[in-house]
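Thank you for making the time this morning. I would like to walk through one region slowly, beginning with a pair of helices and then turning to a sheet.

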Amino acid sequence: MNISTYTVKPKLPASLKPLEEIARNLWLSWNFDAVQLFIRLDYEAWLKSQQSPTRTLGMVSQERLEKAAKDDSYLAAMNEVYNRFQKYKKGETWYRGSKKDVVAYFSMEYGMDVSLPIYSGGLGILSGDHMKTSSDMGLPLVGVGLLYRQGYFSQYLNADGFQQESYPENDWHNMPVELKTDKAGPIKISVDIAGQEAFAQIWEVRVGRSSLFLLDTNIEENTPEIRNLTAALYGGDKETRIRQEILLGIGGIRALRALDINPGATHMNEGHSAFLGLERIREFIQEKGFSFAEAQEAVWPTNIFTTHTPVPAGNERFDISLMEKYFHSWPQMLGISWKDFLGLGRIQPDDDHETYCMTVLALKLAAYANGVARLHGKVSRLMWKDLWPGLPLEEVPIGHVTNGVHPRTWVSSNMTDLLDRYFGPHFDDEPTDLAIWNRMDRISDEELWRTHERRRERLVAFARDRIRQHYRRTGAVERRIQQAEDALSPYALTLAFARRFATYKRGNLLLRDPERLLRLVRDNDRPVQLIFAGKAHPMDMPGKELIREIIHFADKYDVTSRIVFIENYDITVARYLTGGADVWLNTPRRPMEASGTSGMKASMNGVLNCSILDGWWDEAYNPNVGWAIGQGETYEDTQLQDDIESKALYDLLERDIIPLFYQRGRDGLPREWIRRMKDCMREIGQSMSSHRMLMDYSNQFYFPALKNYRRMAKDEFAEAKSVAAYIQKLRNAWGSLRINRVESNARPVMHRGDALTVTASIELAGLNPDELRVELFHGTVSNQGASIENPRRAEMKPVGNEGSVYHFQVRIECEDTGRQGHTVRILPKHEGLISPYKPGFVKWA
């Protein structure tokens, strides 16, 4: 069928023109007064549009638009919002440096607003908050991702409580995205997909001051198979995944080049985009004539990688047959062997049976790597230590930047109004001034509690409406539909559990002892109610059974008015829950939750957490801000773990949480509960803000990486070539490099303050003394005598030589008492190396 296409846009009166600009910038997603403009314009259209401002403008009648254009009150509200929007875009920011050098942030998904459903869960929400915060701070950062025609999926439950999925198509012409064009038409790039040229056009999403660029293969130049490449997020099989990741990593870099954006640094948010490292290396080789080693050294100091996965099985791996199908021509382009190419994605490059791991590739190609919480950083170092053989665990170069959330997005509109009144304009104008949260004590108990109760009332009304919709859709009798009016109470203690339904998250832990749970939810004097929400992956049958188990439990024991499940967990549902619940439950198996962020959102609304000490809660918990289930134990017997931790949870509810909530004074206020709400908001507002997170990323990674880029780029990347030549020289000599002996003046018993002199004799094997860092590694010896705990390091200097054997020496002072020890090691040393920890290059005495 030959269809001629054209785009029809709403015909806005001149006085309403600012609405279109506001609708097409996701700044409105964290400014509720901007959202209210569209609600006020036509509430029915707003609901039918599924809360999409751009679609709402297209649905409002011309008559209604003309009427609004003459409404002084509406125009005044619109102009006030628009002026604030313009002031925001032009205002001073935390970052005031050069915008010339750009950081490109790559992520498989972005969750920024319900009007742009291209996310599945936590990773996407984090990426969305990352973009919003970058805008607030004025960072020179652009986002790169894929534009999914169907997004993730919409969840609905059948009458039996079993999860079903639907895949509604997104209409980009009525969404806040804009096709990038030039004089010739849409700007397009291409990538090779198993010998087939795949084309993609580029869309831009404006996020305040920042831009997000999304690739879309649903265009006529492509075969049906390639057009479906950007059909769904996390859909299909491994073959679909490797194709999407080629498009994201390789195509993403090419898209930036096509837009004349040349990033100085790239940030891989999870391993999905790790192929970008190969593309950046290829560019140096084919465009500048570099060797692979030189290109790698030029790219490595400017790559940042964030891992989000706390278990080995969760890391993306591809069979070698797939790699051969899609990358068989790459070794020739890169000037390396097929074995060396595969070795980039293997822990053990010589193991021909090992699959190709995207996390390993990212770790090998990035100078900076981090987990997403303090505990997750520790878990990641343990998981990937074999990439740096011989390096002590605490030195494995994977740090951590704990996740954060964007306060203006996740603090409810009612609570934001309250905070604005007491915190002042500084709260909005300078979001990086985290100390502003110390003003929580200015807010009266009465106002804070009244605001929180209003949010709980709205949550209950929202839940009832969703339950009614579910009953009508599943063909329930009218009596059952009417029961939705009695579901939940706006006055009862409300516990929320909302997250992805995977077995390790244990959404059914609270159901383990039905008798104890039923006593709590049937108590009319101190009522307790539970709201569940969350999606299981379409292929995760055990996860789907967890949801079904909750539905059946409520039906079996006739507590459907106290235990409810809200379908289709998304940003809208999350906002109602994190703003209106009283307690946020989280029950993962430690340490399987990398970070988690939903509890942070709840905390900033004054919702108290009750959680296993895992992820972010492991470092944020103290008794003033919530409750800990257990004390951070791990178990081999999962049944025993579930028994112990479910009982601990019941005990907390019965002995602490419920009594505290219902402990009221004469004025009916739970003063001690409110005190904890204030402490929670004060502490979590500062420590878990995404502005703290982005300041950490900037200071630890972005700014150093951009500085490395500027330094490397001098004299046609002469320093990268120098480092590559040095590493090759080091590799040639490494096998012959030896520590012949280590001598010291240590006596069996030393006293604090005594001087210890250590000398090491080293065969340099043709290397110069200034090309090695020789270190004394010393400290308290472990009880088993096999390691040094809390070690100190002191560089040893050359003091003489006998031919190629050099003597290195250092003098230290005995400081700590107890059993002390020392050894000597050799690391690389070159002024162009930003870290001495190169895999395979550490030699111990």
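**Two helices and a sheet**

In this predicted model, the axes of helix α20 (residues 445-473) and helix α24 (residues 571-580) come within 8 Å and cross at roughly 140°; helices here are DSSP runs of H or I with at least four residues, strands are runs of E with at least two, and both are numbered from the N terminus. Axes are lines fitted to C-alpha atoms, for helices over the stretch in contact, with angles from 0 to 180 degrees between N-to-C directions. The two helices α20 and α24 are therefore oblique to each other, the word for whatever is left once under 35 degrees is called roughly parallel, over 145 roughly antiparallel and 65 to 115 roughly perpendicular.

Among the residues making this contact (heavy atoms within 4.5 Å) are Arg-455, Leu-459 and Phe-462 of α20 and Val-573, Tyr-576 and Leu-577 of α24.

Turning to the sheet, 6 strands form an open arrangement in the order β19-β18-β17-β20-β21-β22, with parallel pairing, where two strands pair if DSSP finds at least two bridges between them. At the edges are β19 (563-566) and β22 (626-629), each pairing on one side only, and the twist averages 20° from one strand to the next. Strand β21 (residues 608-612) is joined to β22 by 4 bridges, and Ile-612 has Ile-629 in β22 as its bridge partner.

A word on conventions: residues are numbered from 1 along each chain as its sequence is written, and side-chain values use heavy atoms, leaving out hydrogens and water. Local features need pLDDT of at least 70, side-chain atom pairs count only at pLDDT 80 or more, and totals for chains, interfaces and linings use all residues.
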